[in-house]
Amino acid sequence: MTRRPLRVVVTGSECTGKTTLAGALSARFGVGVVPEFSRLYAATKLSPLSGEDVEPIARGQMAREDAAMDGEPSLLILDTDLVSTVLYARHYYGSCPEWVERSARARQGDLYLLCCPDVPWVGDGIRDRGDRREEMHGLFEALLRELSIAWCPIQGAWREREESAVRAVRSLSRDSCGGRPPERPMGR
């Protein structure tokens, strides 16, 4: 019987250090990281994203996550997941395809590390809403609560963020939550 790995998802609004943190956790725990598919998709598309892109982005993200399961790892670090796809689809296009929402619920991580927008904005040519990070952060927090997802706020200087994330991952235990996330945020 194949055991499902613990899944830690680094999430939050644009340019809050998610990719940097996911890489640091990957190195610290000696495991792979599942990169964000939507970044690659947006970088290769020759026009602005639209509601028609939600489903291909969701399929691409799921394919990356499924590929990371090869070798049966005990821990996966995800640089975002379908929960972000749901949030951005709802926010930018007014709705999200039902199958994407169902898939996001079915594929929920065991812990979400919610990166706070208290670090400097560093534009990357794809992200364009540095002035809306607080608003988006509030939407992420609300969606995590709506879905009863276990999450931990990640804030402060870069070293403090990494140490908080490492502590949260180390404290994660299937025994403590029966394989499902508790219904309240961690650390609050």
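Is Tyr-93 buried, partly exposed or exposed? The exercises below start from this residue and then move inward.

The model is predicted, so local features need pLDDT of at least 70 and side-chain atom pairs count only at pLDDT 80 or more, while totals for chains, interfaces and linings use all residues. Residues are numbered from 1 along each chain as its sequence is written, and side-chain values use heavy atoms, with hydrogens and water left out.

**Exercise 1. Place Tyr-93 in its element, state its exposure, and describe its surface patch.**

Step 1: Tyr-93 belongs to helix 4, which covers residues 82-93; helices (H or I, at least four residues) and strands (E, at least two) are DSSP runs, numbered from the N terminus.

Step 2: Tyr-93 has a relative accessible area of 33% and is therefore partly exposed, given that buried means under 20% relative accessible area, exposed over 50%, and partly exposed in between (1.4 Å probe, protein chains only).

Step 3: Together with Leu-49 and Tyr-92, Tyr-93 forms a nonpolar patch on the surface, and the three have about 240 Å² of accessible area together. Patches are made of residues with over 30% relative accessible area and no salt bridge, where like charges are joined within 9 Å and nonpolar side chains (Val, Leu, Ile, Met, Phe, Trp, Tyr) within 5 Å. The areas come from the Shrake-Rupley method with a 1.4 Å probe, and for residues only the protein chains shown count as cover.

**Exercise 2. Describe the largest nonpolar core and the contacts of Val-83.**

Step 1: A nonpolar core is a set of buried Ala, Val, Leu, Ile, Met, Phe, Trp, Tyr and Cys residues joined through side-chain atoms within 4.5 Å. The largest such core has 25 residues, and Val-83, Tyr-112 and Leu-144 have the most contacts inside it.

Step 2: Two or more residues of this core come from each of helix 3 (54-68), strand 3 (75-79), helix 4, helix 5 (98-106), strand 4 and helix 6 (133-146). Helix 4 gives the most, with six residues.

Step 3: Leaving aside residues up to four places away in sequence, Val-83 touches Ala-104, Tyr-112, Leu-143, Leu-144, Leu-147 and Ile-149, where contact means heavy atoms within 4.5 Å.

Step 4: A second, separate core of 19 residues includes Val-10, Ala-22, Leu-25 and Ile-154. In soluble globular proteins, nonpolar side chains tend to be buried together.

**Exercise 3. Work out how strand 5 is paired and which way its residues point.**

Step 1: Strand 4 (residues 111-115) and strand 5 run parallel and are joined by four bridges; two strands pair if DSSP finds at least two bridges between them.

Step 2: Leu-113 has Cys-152 of strand 5 as its bridge partner.

Step 3: From strand 5 (residues 151-154), Trp-151 and Pro-153 point one way, whereas Cys-152 and Ile-154 point the other way, and all are buried.

**Exercise 4. Follow the salt bridges of Arg-4 and Arg-7.**

Step 1: A salt bridge is a side-chain nitrogen of Lys or Arg within 4 Å of a carboxyl oxygen of Asp or Glu, and by this rule the count comes to 16.

Step 2: Arg-4 and Asp-110 meet through their side chains at 3.1 Å, N to O. Because Arg-4 lies in the segment before strand 1 and Asp-110 in the loop between helix 5 and strand 4, the pair ties together parts that are 106 residues apart in sequence.

Step 3: Arg-4 counts as partly exposed, at 33% relative accessibility, whereas Asp-110 is buried, with a relative accessible area of 4%.

Step 4: Arg-7 forms a salt bridge with Glu-65, with the closest N and O atoms 3.1 Å apart. Since Arg-7 lies in strand 1 and Glu-65 in helix 3, this pair ties together parts that are 58 residues apart in sequence, and both Arg-7 and Glu-65 are buried.

Step 5: Salt bridges that share partners join Arg-7, Glu-65, Asp-66 and Arg-107 into one network.

**Exercise 5. Compare the loop residues Glu-72 and Thr-80 by phi, place and exposure.**

Step 1: Glu-72, a residue other than glycine, has a positive phi near 50°, and Thr-80, also not a glycine, has a positive phi of about 90°.

Step 2: Glu-72 is in the loop between helix 3 and strand 3, while Thr-80 is in the loop between strand 3 and helix 4.

Step 3: Glu-72 is exposed, with a relative accessible area of 53%, whereas Thr-80 counts as buried, at 6% relative accessibility.
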